Amino acid sequence: MEKIISILLLCFLMTNCQSQQKKKEVKNKPTISVKSDTEYFLGIWKFVEKKYLDGTEKKIYPIHECMKKYDLVFEKEKGNIFLTKNYATGKDCTIKSSSGKILVTINQSSFSYLDADLKRNDQYKILSKDKFSIVYSDILDGKIRDIEDVYEKQK
């Protein structure tokens, strides 16, 4: 009987501790007057800036000339949303490559898709009617940092 009470008490404590875990969320999503996040993303988005957090200070990372030619294309086809990533590489950024159309699911603060064999879930923040950023953590200048890649809608 004593063992059963001990096991039940242990299970009760474990379930209470697990419910206290914090989830990382993207904060401060501005209200933009669009029909939905899905409609907001449709079109061509050009990579314009990389920001990172250095302690408490936000800094702008100098981007390579070829990175300025990166863009994301969101298209709607037969009720599905597709993402195409376009890149430029090489000495004078003349080598162009593309991911091809990738089926993407857009949620309130993230979009998810398969990139090669890996499932990606990119967190985003809507900054204005024609700017959004993808938020992630990565190693930059030898330190793990919070990074924000900013994209601007092309007209």
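In this predicted model, Cys66 is a buried residue, its relative accessible area coming to 4%. Cys66 is joined by a disulfide to Cys93, with the two sulfur atoms 2.1 Å apart, and the angle of -100 degrees about the S-S bond makes the link of Cys66 and Cys93 left-handed. The bridge connects distant parts of the chain, since Cys66 lies in the loop between β2 (57–61) and β3 (71–77) while Cys93 lies in the loop between β4 and β5, 27 residues away. The count of disulfides in the model comes to one.

**Backbone at Cys93 and Ala116**

Cys93 also stands out for its backbone, as it has a positive phi of about 60 degrees although it is not a glycine. The loop that carries Cys93 runs between β4 (80–89) and β5 (95–98), and with a relative accessibility of 5%, which is under the 20% cut-off, Cys93 counts as buried. Ala116, likewise not a glycine, has a positive phi of about 60 degrees and is placed in the loop between β7 (110–115) and β8 (118–128). Is Ala116 buried or exposed? Ala116 is exposed, because its relative accessible area of 71% is over the 50% cut-off.

**Aromatic rings**

The structure holds 17 aromatic pairs, and two that involve Phe41 are set out below.

| Pair | Distance of centres | Angle of planes | Arrangement |
|---|---|---|---|
| Phe41 and Trp45 | 6.2 Å | 55 degrees | tilted |
| Phe41 and Phe132 | 4.8 Å | 85 degrees | edge-to-face |

The pair of Phe41 and Phe132 links distant parts of the chain, with Phe41 in helix α2 (residues 37–41) and Phe132 in strand β9 (residues 131–140), 91 residues apart. Why is the pair of Phe41 and Phe132 edge-to-face? The planes of the two rings stand at 85 degrees, which is over the 60 degrees required for that label, so the pair is edge-to-face. For Phe41 and Trp45 the planes stand at 55 degrees, neither under 30 nor over 60, and the pair is therefore tilted.

The three residues of the table are buried according to their accessibility: Phe41 has a relative accessibility of 0%, Trp45 has a relative accessible area of 0%, and Phe132 likewise has a relative accessible area of 0%. Phe41, Trp45 and Phe132 belong to one aromatic cluster, which is also formed by Tyr40, Phe47, Tyr70, Phe74, Tyr87, Phe111, Tyr113, Tyr124 and Tyr151.

Methods:
Residues numbered from 1 in each chain as written. Predicted model: local features only at pLDDT ≥ 70, side-chain atom pairs only at ≥ 80, totals over all residues. Heavy atoms only, no water. Helix = DSSP H or I, 4+ residues; strand = E, 2+ residues; numbered from the N terminus. Buried < 20%, exposed > 50% of the residue type's maximum accessible area, 1.4 Å probe, protein only. Phe/Tyr/Trp six-rings, centres within 6.5 Å; stacked < 30°, edge-to-face > 60°. Disulfide = S-S within 2.5 Å.
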